[in-house]
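Visitor: Hello! Could you walk me through this structure, one question at a time?

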Amino acid sequence: MRLFGTSKINGKGHLTIGGCDVADLAMQFGTPLYIIDEELVRKNCSIFREGFAADDIDTEVIYASKAFINLAMCKIINEEGLSLDVVSGGELFTALKAGFPPEKIYMHGNNKTYQEIEMAVKAGIGRIVADNLLELELIEEVCRVSNKSVDILLRVNPGIDAHTHAYIQTSKHDSKFGESIFGENIESMLQHLKDSRNICLKGFHCHIGSQIFEEESFYSEADVMMNFLAELKEKTGFVTEELNLGGGFGVYYSKGDRPVDLKICLKNMLEIVKKQAASLGIKQPKVMIEPGRSIIANAGTTIYEVGGVKNTYSGRNYVFVDGGMTDNPRTALYDAKYDAIVANKAAEASAAEFTVAGKCCESGDVLIRDIELPMAEKGDILAVLSTGAYNYSMASNYNRIPRPAVVLVKDGNARLAVKRESYEDIISNDIMI
Ligand SMILES: Cc1ncc(COP(=O)(O)O)c(C=O)c1O
């Protein structure tokens with residue numbers, strides 16, 4: 001088990017994060033509870049900000065907000081000087097409400113609606129990342145009606161086979177995202193854009209997948225994309241100003257995970273872009289990246305109260321917790337692996353192998369399969385580690401279970417960032433007929 005950021009075990013044998021005893025946080029805010037280590041979020045931002053920079057190349061780090069977004073997170077990201085990637089009207093709305101500078105917002109999505117594009121264009125966001133020709137036509141239409149213009153990137157698919165779970169692999173040839181750099185569609189889109197009065201194409205965006213551990217995948221991506229830009233220039237004369245290489249940097253969740261060394265990987269990516277620009281004789285584009293998980297995953301911990309332990313006829317020991325796939329669907333969705341610790345018995349040795357199961361009416365509602373833990377009992381606090389990314393943002397109200405609260409902890413203080421949902425919240429949109 002690895003602890004990240006400010007997480008420690010105190011003299012009482014309790015897990016502490018940001019100087020706060022997790023058992024106290026459970027008492028104060030209830031469970032389940034998402035705890036965010038603010039210092040670690042800020043540190044991760046600085047690793048990208050400083051690591052993806054060079055004197056002779058213009059760069060930008062864009063936080064992929066789908067990993068974890070709310071008003072407080074938008075504020076932190078802005079304070080840390082990163083830009084923001086949003087993928088829906090809801091994420092854009094949150095960012096704008098948080099006062100995030102619109103010109104630093106990038107809007108993604110493979111099927112944006114007219115209303116979402118209109119919202120983005122009216123707000124004057126930095127770039128829309130267009131997915132396909134139909135979307136270009138829609139953006140054109142919105143701009144014409146609202147008499148505005150917009151800068152865009154085209155989402156392309158370099159066909160890199162990154163080794164990660166199939167559901168989070170986004171760049172294989174049959175991906176639903178973007179247009180393949182090997183097909184004809186990109187040239188048709190460039191042709192289409194030549195006549196556009198309202199859309200200015202700045203460059204290209206790609207994203208090869210998520211939770212990637214092979215740094216070679218990122219290098220191939222940079223290399224393939226630079227060759228693509230050169231070929232495109234040769235064929236069409238188009239000069240690319242901006243190249244966005246997406247996110248996908250893997251993080252440590254459990255034993256066996258070996259994240260890339262970001263400092264080395266980011267530097268090498270920039271080197272490849274620079275070298276290729278020189279050797280292919282093309283203009284050095286501004287380069288962007290879009291980390292999500294690697295900014296927030298290790299900074300999040302979810303705590304639960306243990307309801308009890310059950311031993312099945314087959315010999316499996318279950319620890320039941322008061323949350324589950326509603327606050328963390330990743331195990332059920334793609335067999336994600338997590339580490340956990342009994343937060344009020346953090347110094348105790350493990351006693352047996354357990355399966356941590358939630359309270360939803362689904363056999364698949366399991367958070368962790370087969371983990372060594374001390375003997376857990378009713379009332380203990382179980383902390384599942386590295387749950388910052390794609391947990392809160394993917395949470396649901398299945399079984400009408402309210403979504404947990406989110407607290408930010410730092411220097412011994414805990415600040416509520418998102419209130420716990422109430423049963424009233426759950427029926428707030430229901431209409432009695
Ligand atoms: C377009 C795009 N950019 C960035 C990201 C962030 O990826 P990660 O959280 O793995 O860094 C994603 C996630 O799927 C994405 O689809």
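Guide: Gladly, and let's start with helix 4. On the other side of helix 4 from its buried residues, Gly90 and Lys97 are exposed; exposed means that 12 or fewer other C-beta atoms lie within 10 Å of a residue's own, buried means 20 or more, and partly exposed is in between, with C-beta atoms placed from the backbone. Helices (H or I, at least four residues) and strands (E, at least two) are DSSP runs, numbered from the N terminus. This is a predicted model, where local features need pLDDT of at least 70 and side-chain atom pairs count only at pLDDT 80 or more, while totals for chains, interfaces and linings use all residues. Residues are numbered from 1 along each chain as its sequence is written.

Visitor: Which residues of helix 4 are buried?

Guide: Helix 4 covers residues 89-97. Its buried residues span an arc of only 100 degrees around the axis, which puts them on the same side of the helix; the arc is that of the directions from the helix axis to the C-beta atoms. They are Glu91, Leu92 and Ala95.

Visitor: What covers the buried residues of helix 4?

Guide: Here we look at contacts, meaning two residues whose C-beta atoms, placed from the backbone, lie within 7 Å. The cover includes helix 3 (71-79), strand 6 (83-86), strand 7 (105-107) and helix 5 (114-123).

Visitor: Which residue with a positive phi follows helix 4?

Guide: Look just past the helix, where phi is near 80 degrees. The residue there is Gly99.

Visitor: How many helices and strands are in the protein chain?

Guide: The radius of gyration of this chain, taken over C-alpha atoms, is 23 Å. The globule rule (2.2 Å times the number of residues to the power 0.38) gives 22 Å for 433 residues, so the chain is as compact as a globular protein of that length. Its count is twelve helices and 21 strands.

Visitor: In the open sheet of three strands, what is the order?

Guide: Two strands pair if DSSP finds at least two bridges between them, and the pairing here is antiparallel. Strand 1 (8-9) and strand 3 (20-21) each have a single partner strand, so they stand at the edges. The order is 1-2-3.

Visitor: Which residue is the bridge partner of Ile17 in strand 3?

Guide: Strand 2 (residues 15-17) and strand 3 pair in the antiparallel sense over two bridges. The partner of Ile17 is Cys20.
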